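Here are some worked exercises to try with the viewer open. Have a go at each task before you read its solution.

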Amino acid sequence: MTADVIVIGAGIVGAACADALTQGGLRVVVIEPSLAVSGATGAGMGHLLILDENEAEFSITRYSRDRWNQMAMEMPSSLEYERCGTIWIAAVPEELPLLKQRCAFLQSRQVRAEILDSQQLAEAEPNLRPGLPGGLFIPDDAILYPPAAAGWLLKRAEQRGAAVLTGKRVTHIQAWGVELEDGSRLEAHHVVCATGMWTPQLIGGLPIQPRKGHLVITDRYPGFVRHAVMELGYLKSAHGRESESVAFNVQPRKTGQVLIGSSRQFGVTDARPESRIISSMVQRAIDFMPRIAQLSALRAWTGFRAATPDRLPMVGPVANRPNCLLCAGHEGIGITTCLASAGLVSAFILGDRPPLDPKPYAVERF
Amino acid sequence: MIESRWDVVVVGAGPAGLAAACMAAEAGRRVVVLDENPQPGGQIWRGEDHHWIRRFSASGSTFRGACTVVDQPEPGVLHVVGRNISYHLRFKRLVIATGARERFMPFPGWTLPGVVGAGGLQALVKSGWPLAGKRVVVAGAGPLLLQAAAFFRSRGARLTCLAEQTPLRRGLSFALRSGKRLQAIALLGRLCDVPYRWSCWPVRASGQERVESVTLRQGDRMWTEPCDYLACSFGLVPNTELAQLVGCELVDGAVRVDEQQETTVSGVYCAGEPTGIGGVDLALIQGQIAGCSAAGSLQRASAFFEQRARWIEFRARLQAAFALRQELRQLPDPETVVCRCEDVPLKEIRPHSCWRSAKLQTRCGMGPCQGRICGPIVEFLFGWKVDSVRPPLTPVRLEQLVNRGSAATADRHDSHPG
Ligand SMILES: Cc1cc2nc3c(=O)[nH]c(=O)nc-3n(C[C@H](O)[C@H](O)[C@H](O)COP(=O)(O)OP(=O)(O)OC[C@H]3O[C@@H](n4cnc5c(N)ncnc54)[C@H](O)[C@@H]3O)c2cc1C
Ligand SMILES: Cc1cc2nc3c(=O)[nH]c(=O)nc-3n(C[C@H](O)[C@H](O)[C@H](O)COP(=O)(O)OP(=O)(O)OC[C@H]3O[C@@H](n4cnc5c(N)ncnc54)[C@H](O)[C@@H]3O)c2cc1C
């Protein structure tokens with residue numbers, strides 16, 4: 001039997017593609033060598049947020065975040081979805097103009113956003129260190145638990161007839177389908193490659209690099225943090241190309257736990273947590289939230305983001321690879337942006353009108 | 001700053017760790033022993049005046065109690081955390097003697113207050129918890145059951161039943177062939193008026209606020225026994241986490257060691273329960289070998305090989321005799337909680353294909369105990385391999401994850417009782 005589409009990789013991006021494609025009535029087979037959600041999706045923070053460094057980043061995050069919020073009603077409670085909002089913090093008064101500029105931009109695009117002065121910020125997050133100059137509050141940002149979200153999207157696809165083959169690794173992508181490690185072949189009209197940081201193994205010459213991140217989770221302290229809170233400097237850490245950086249980034253999980261990020265490292269492939277990085281990341285959190293120092297830390301772990309040079313995903317046809325669509329390189333916002341990427345992929349395959357302009361994410365931009 | 005003045009660092013001050021420290025220190029090495037408990041002695045001698053503890057005190061070793069090893073930040077360095085300290089410690093040789101923990105078995109009602117580990121209850125009582133006049137049912141598998149029962153009795157408990165899941169025939173043939181025959185007979189003598197039931201196990205604990213009774217099964221017979229405590233002991237699980245974090249290989253859930261008690265990581269030795277549940281005598285012998293090896297006295301180590309071989313044979317017979325029966329796998333019902341930290345019932349875990357999948361999707365094993373309790377349970381129930389060890393090994397305050405180079409303050413906690 002020839003499937004309509006083979007999706008390679010069952011991370012949240014592959015899961016979202018399978019969900020969108022089956023919604024379009026296509027027969028989909030998802031192939032995953034390990035477990036569903038064992039890659040970056042099993043490691044990430046699950047913050048659904050709008051970023052606005054540039055127009056392309058804004059459109060993809062805005063579309064996706066709003067889609068997630070629309071889907072909230074249908075989600076099972078295991079997704080731990082919560083529209084807690086984001087607060088971006090200015091660490092020094094010099095950062096206030098940038099906050100205000102971002103606020104004005106978001107408001108001009110009909111995204112709810114407001115500036116918090118020093119006192120409002122302290123009231124919104126009483127555990128922040130006193131005297132911080134101010135914050136930018138984006139109330140409609142949300143958080144969820146990524147493995148459960150991906151599992152849910154995958155299950156929806158399965159209910160519409162998709163097959164999920166775990167324990168199978170794709171070794172080659174061909175015009176007619178894929179070859180598997182066990183020597184067998186699977187045919188399909190289209191192949192979607194959603195293999196995150198492993199993509200260069202299947203499609204050579206792509207500028208996708210692993211970017212390691214550390215996280216630490218605490219025991220339960222309900223109400224200690226109320227919003228996803230990040231320093232404005234996070235943008236510098238995320239958008240910069242430095243080989244190593246940390247930024248203050250904490251999240252209230254629905255369980256009452258506090259999830260603490262985040263670090264970014266290029267050029268490291270060893271997944272073991274590094275105490276040096278954890279140390280500076282936690283120190284950063286303590287600088288902003290002194291009382292966090294006393295919370296009990298349960299576990300530290302790491303994950304790898306699939307980073308492209310401009311931090312935007314690569315979505316669309318690949319030169320000299322007939323019938324193959326790439327959908328990878330979602331760096332640190334793939335939980336959010338997988339919905340827009342999946343929308344683009346299904347528009348390409350079904351010939352529908354894309355939900356947003358695909359050009360900024362086109363594979364051939366590099 | 002990293003504290004670097006020790007030749008041999010021993011983690012764990014139970015029989016194995018103490019024996020290792022004595023041998024290494026008596027051979028002239030600078031030895032420090034770390035234990036998360038304030039006192040040396042491990043599970044059985046803690047707070048006692050045992051001759052090995054006296055020998056340890058006189059050996060020239062340094063003891064640091066109330067501090068836990070939580071990570072290996074870089075090869076050859078341990079991260080040590082105590083109430084108000086956090087520092088890095090370099091070792092030339094490391095002896096891992098981290099002992100074992102109790103194995104729990106889920107059945108309906110096992111999370112009720114009053115249903116406790118037999119070892120946990122012993123520790124509680126030793127620290128002053130009153131047991132006089134309380135009705136106690138002791139249930140599970142293995143020789144520790146007997147010791148626990150005798151101990152509760154000595155503290156005034158009314159032992160209403162001792163339920164041993166092992167068949168009488170297997171238990172008896174083990175007892176008769178073991179070097180501990182006399183000890184067992186003495187214990188049994190002290191318990192001769194207690195109903196001692198073989199091939200018997202708990203199927204349900206019931207009660208409103210706390211346990212009021214336990215339903216036991218023996219063959220086709222089921223009955224309910226009123227109790228204030230149900231003390232369970234289904235054997236022990238080796239504490240291999242530190243060894244795993246340091247990179248040591250395991251075999252069958254225990255740390256792989258060679259003749260010298262050296263692990264697959266050069267310069268790292270392991271002794272006692274992490275190498276397989278074998279009891280205090282084997283722990284002492286392995287500890288002495290590890291201590292000699294770590295001090296470079298291979299000749300002296302070899303003097304213990306023959307004794308060790310005998311106790312390893314004992315270990316094999318112990319494990320075979322008290323192997324858990326398959327019926328126990330049927331005890332939990334779909335609603336029975338398997339992961340106590342995160343409240344995950346069996347029915348949510350069963351559909352998964354492996355530990356990692358269950359963990360990611362149900363949060364099983366993600367709470368404060370990090371799978372120490374539910375990991376061995378799902379291993380027994382489903383045969384899954386539970387192998388993810390991540391720092392910190394036990395929960396620590398966040399500030400203790402920050403390197404501040406406070407090694408100097410560690411000295412204040414040293415004790416040289418000898
Ligand atoms: C520390 C950290 C924090 C993060 N925080 C956030 C956040 O707060 N918000 C947010 O939106 N994003 C966040 N992210 C980013 C997000 O997790 C990722 O962008 C997203 O999970 C990427 O999903 P994916 O499906 O592309 O990749 P993956 O989840 O890695 O999935 C790729 C899959 O492909 C499979 N695969 C690989 N090779 C083959 C092959 N040959 N054949 C078949 N299958 C194959 C893999 O096994 C894997 O399952 C974070 C990431 C990290 C590391
Ligand atoms: C709950 C329990 C009750 C027991 N009761 C009895 C009994 O009544 N009679 C009997 O004969 N046997 C009993 N045993 C078995 C007995 O403990 C062993 O046979 C023997 O003590 C093994 O010695 P050991 O040195 O290997 O381990 P242990 O005596 O367990 O010593 C290990 C030590 O390592 C320390 N440790 C572990 N990890 C770390 C870390 N990361 N950092 C710092 N310190 C650490 C622990 O605090 C502990 O003190 C019991 C075991 C358990 C678990």
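**Exercise 1. A hairpin in chain B**

Task: in the hairpin of E15(B) and E16(B), find which residue takes a positive phi.

Solution. Please keep in mind throughout that this is a predicted model.
- Step 1: locate the strands, E15(B) at residues 213–218 and E16(B) at residues 221–226.
- Step 2: check the pairing; the two strands run antiparallel and are joined by 6 bridges. Within this ladder, Leu216(B) stands opposite Trp223(B).
- Step 3: look at the turn, where 2 residues sit between the strands. Gly219(B) is the residue with the positive phi, near 60°.

**Exercise 2. A hairpin in chain A**

Task: work out through how many residues a hairpin joins E9(A) to E10(A).

Solution.
- Step 1: find E9(A) at residues 170–174 and E10(A) at residues 177–180.
- Step 2: these strands pair in the antiparallel sense over 4 bridges, with His172(A) facing Glu179(A) in E10(A).
- Step 3: the connection between E9(A) and E10(A) is a hairpin of 2 residues.

**Exercise 3. A sheet that crosses chains**

Task: trace the open sheet that contains E24(B), and say which strands lie at its edges.

Solution.
- Step 1: write down the order, E5(A)-E6(A)-E4(A)-E13(A)-E14(A)-E15(A)-E12(A)-E16(A)-E24(B). That makes 9 strands in an open sheet with mixed pairing.
- Step 2: pick out the edges. E5(A), residues 114–117, and E24(B) each pair on one side only.
- Step 3: inspect the E5(A) edge. E5(A) pairs with E6(A), residues 134–138, in the antiparallel sense over 4 bridges; there Glu114(A) stands opposite Phe137(A).
- Step 4: inspect the other edge. E16(A), residues 296–307, and E24(B) are antiparallel and share 2 bridges. Ala297(A) has Val396(B) as its bridge partner.

**Exercise 4. The interface of chains A and B**

Task: describe the contact between the two chains by its residues, buried area and polar pairs.

Solution.
- Step 1: count the residues in contact, 30 from chain B and 34 from chain A.
- Step 2: take the area. The chains bury about 2600 Å² between them, with 53% of it on carbon and sulfur atoms. On the chain B side, Leu360(B), Arg363(B) and Leu398(B) lose the most area to chain A, together 25% of what that side buries.
- Step 3: go through the polar terms. There are 13 residue pairs in polar contact between the chains, both residues at pLDDT 80 or more. The rule finds 1 salt bridge across the interface: Arg220(A) meets Glu342(B) at 2.4 Å, N to O. That distance falls within the 4 Å cut-off for a salt bridge.
- Step 4: assign the chain B side to elements. Strand E5 (67–74), helix H13 (355–362) and strand E24 (396–397) of chain B each supply at least two residues, and H13(B) gives the largest share, 5 residues.
- Step 5: sort that side by class, which gives 13 nonpolar, 8 polar and 9 charged residues.

**Exercise 5. Two domains of chain B**

Task: what does the contact between domain 2 and domain 3 of chain B bury, and on which atoms?

Solution.
- Step 1: set the bounds. The assignment gives domain 2 as 104–234 and domain 3 as 331–382, alongside domain 1 (2–101 + 237–318 + 406–413).
- Step 2: the C-alpha centres of domain 2 and domain 3 of chain B are 25 Å apart, and 11 residues of domain 2 are in contact with 11 residues of domain 3.
- Step 3: the two domains of chain B bury about 960 Å², 73% of it on carbon and sulfur atoms. In domain 2 of chain B, Phe104(B), Pro106(B) and Trp110(B) lose the most area to domain 3, together 50% of what that side buries.
- Step 4: look for polar links. The rule finds 0 salt bridges across this interface of chain B, while 2 residue pairs are in polar contact, both residues at pLDDT 80 or more.
- Step 5: the classes on the domain 2 side of chain B are 9 nonpolar, 1 polar and 1 charged.

**Exercise 6. A salt bridge within chain A**

Task: find which parts of the chain the pair Asp4(A) and Arg27(A) links.

Solution.
- Step 1: the structure holds 40 salt bridges over all chains, among them Asp4(A) with Arg27(A) at 3.5 Å, N to O.
- Step 2: Asp4(A) lies in strand E1 (residues 3–8), and Arg27(A) in the loop between helix H1 (12–23) and strand E2 (28–32) of chain A. The pair thus links distant parts of the chain, 23 residues apart.

Note on methods
Residues are numbered from 1 along each chain as its sequence is written. Chains are lettered from A and ligands numbered from 1 in the order in which they are written. This is a predicted model: local features need pLDDT of at least 70, side-chain atom pairs count only at pLDDT 80 or more; totals for chains, interfaces and linings use all residues. Side-chain values use heavy atoms; hydrogens and water are left out. Contact means heavy atoms within 4.5 Å. Buried area is the accessible area (1.4 Å probe) that two parts lose on being put together, summed over both. A salt bridge is a side-chain nitrogen of Lys or Arg within 4 Å of a carboxyl oxygen of Asp or Glu. A polar contact is a pair of N or O atoms within 3.5 Å; within protein, one must be able to donate a hydrogen and the other to accept it, and residues adjacent in sequence count only if both atoms are side-chain atoms. Ala, Val, Leu, Ile, Met, Phe, Trp, Tyr, Cys and Pro count as nonpolar, Asp, Glu, Lys and Arg as charged, and the others, Gly among them, as polar. Two strands pair if DSSP finds at least two bridges between them. Domain bounds come from an automatic or database domain assignment.
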